[in-house]
Amino acid sequence: MEIGLSSYGAAPIPELLTEIERAAANGFSRFWLGEHGGWDPLTVFAAVGDRAPDIELATSVVGTYPRHPLALAAQALTAHAATGGRLTLGIGPSHAPVVESRYGLTWQPPVQHTREVLDVLGPVLRGEEVEVRGRSITAVGGVAAPGVIPPSLLLAANGPRMLALAGERADGALTMWTTPRFLGEIVVPTVTTAAAGRAAPRIAVGLLASVTSDVDGTRRRVNTDFRQAATLPTFHALLDRQGSTGPDDTLVAGDEAHVEETVGRFADAGATELIIFPVGLPEDQDRTIALFADLAKRHRR
């Protein structure tokens, strides 16, 4: 199981590029960056260029609504080429409140919308041309990107139909707020069954983690900091399905031994990679990064 490090991307660009280089030096397999109302992750990765050559780069996630899939394919292939073929493109439809309030767009049924996006994005990333005239997406043509192999494509998914779509049409799934039990009983079997006859799917799991002596305080902080995210319909439904009362139920917190033991449970459940979101006090985040850097090096040997 691979271990990658996620950033919220709040730093100035030079500091963010240094953060990527530091993650590479620490032995993490990937550096993950999502859309958080700030820097565009694909543009940041293009700026990395040939720096930090020992780490792969991944988006978690790029929203499908603000970008037409032909434009997204062009941007992803550009970043992939600029970094020497190190990109994993993680995409997702985001959430109705975000799409409608932030962008002023009309929310479509997510499985239908995402399937149409993948009808365009998958073939175009492979160098093909498309003619798609769907209910929400129309696209004709392709993207000229000479000499570029396709980047790996992952789909953010938590519900059963999106998980199946990730196995059927992408290279795997990105999931967040899940427990080892739900991962092993629902997520992995659903994605793997849908991917039958194709390459074994990637199962990337976002994990809030904290190596800390103040577990209760960290849980309170997580419930405060992530309270709004947990009310989004997709995440709220997932928490309900797995019997979680809030985001703190999915937090991995404790001393080094406890956190490492829990990581093993995710590996046993079928996660192929973890995306670590360090949380807690700054000194706890430092301990967290140090532990997972050690685990990342051990897992890569």
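Reader: Let me get the ring rule straight: rings of Phe, Tyr and Trp (its six-membered ring) pair if their centres lie within 6.5 Å, with planes under 30 degrees apart counted as stacked, over 60 as edge-to-face and the rest as tilted. How many aromatic pairs does a search of the whole structure find?

Author: It finds 4 aromatic pairs. One of them is Tyr65 with Trp107: the ring centres are 5.5 Å apart and the planes sit at 20°, so this pair is stacked.

Reader: Before we go on, what kind of model is this?

Author: It's a predicted model, where local features need pLDDT of at least 70 and side-chain atom pairs count only at pLDDT 80 or more, while totals for chains, interfaces and linings use all residues. Residues are numbered from 1 along each chain as its sequence is written, and side-chain values use heavy atoms, with hydrogens and water left out.

Reader: OK, back to the rings. Where do Tyr65 and Trp107 lie?

Author: In two loops. Tyr65 is between β4 (62-63) and α3 (69-82), and Trp107 is between α4 (96-102) and α5 (110-125), so the pair ties together parts that are 42 residues apart in sequence. The element names come from DSSP runs numbered from the N terminus: helices are H or I with at least four residues, strands are E with at least two.

Reader: Is Tyr65 buried or exposed?

Author: Tyr65 is buried, at 13% relative accessible area. Trp107 counts as partly exposed at 23%. The scale is: buried under 20% relative accessible area, exposed over 50%, partly exposed in between, using a 1.4 Å probe and protein chains only.

Reader: And what about Trp177 and Phe226, how are their planes set?

Author: Their planes are at 75° with the ring centres 5.8 Å apart, so that pair is edge-to-face. The two residues are 49 apart along the chain: Trp177 is in the loop between β9 (172-176) and α7 (180-194), and Phe226 is in the loop between α8 (215-225) and α9 (227-230). Both Trp177 and Phe226 are buried, and together with Phe235 they form one aromatic cluster.

Reader: What is the relative accessible area of Trp177?

Author: 3%, which puts Trp177 in the buried class.

Reader: What does Trp177 touch?

Author: Leaving out residues up to four places away in sequence, its contacts include Gly206, Leu208, Phe226, Phe235, Leu238, Gln242, Pro247 and Thr250. Contact here means heavy atoms within 4.5 Å. For a longer-range view, Val252 is 75 residues from Trp177 in sequence, and their C-alpha atoms are 11 Å apart.

Reader: Switching topic. Which helix axis comes within 8 Å of α7?

Author: That of α11 (residues 256-269), and the two axes cross at roughly 10°. The axes are lines fitted to C-alpha atoms, for helices over the stretch in contact, and angles run from 0 to 180 degrees between N-to-C directions. α7 and α11 are therefore roughly parallel to each other; that label is for angles under 35 degrees, while over 145 is roughly antiparallel, 65 to 115 roughly perpendicular and the rest oblique.

Reader: Which residues make the contact?

Author: Pro180, Leu183, Gly184 and Val188 on α7, against Arg265, Phe266 and Ala269 on α11.

Reader: How many residues has the largest nonpolar core?

Author: The largest one has 90, and Ile20 and Leu89 have the most contacts inside it. A nonpolar core is a set of buried Ala, Val, Leu, Ile, Met, Phe, Trp, Tyr and Cys residues joined through side-chain atoms within 4.5 Å. Beyond four places in sequence, Ile20 touches Phe31, Val44, Phe45, Val48, Ala52, Ile55 and Leu57.

Reader: What is phi of Ala52?

Author: It is near 45°, a positive value in a residue other than glycine. Ala52 is in the loop between α2 (41-48) and β3 and is buried, with a relative accessible area of 11%. Ser94 also isn't a glycine, and its phi is positive at about 70°. Ser94 lies in the loop between β5 (87-92) and α4 and is partly exposed at 28%.

Reader: Where is there a cis peptide bond?

Author: It joins Ser60 and Val61, with omega about 0°. Val61 sits in the loop between β3 (56-59) and β4.

Reader: Last one: where does UniProt place the "domain: Luciferase-like" feature?

Author: The unreviewed UniProt entry puts it at residues 9-245. Positions follow the numbering used here, feature names are shortened, and annotations may be inferred rather than shown by experiment. Over residues 9-245 the chain is 45% helix and 19% strand, with the end C-alpha atoms 28 Å apart.
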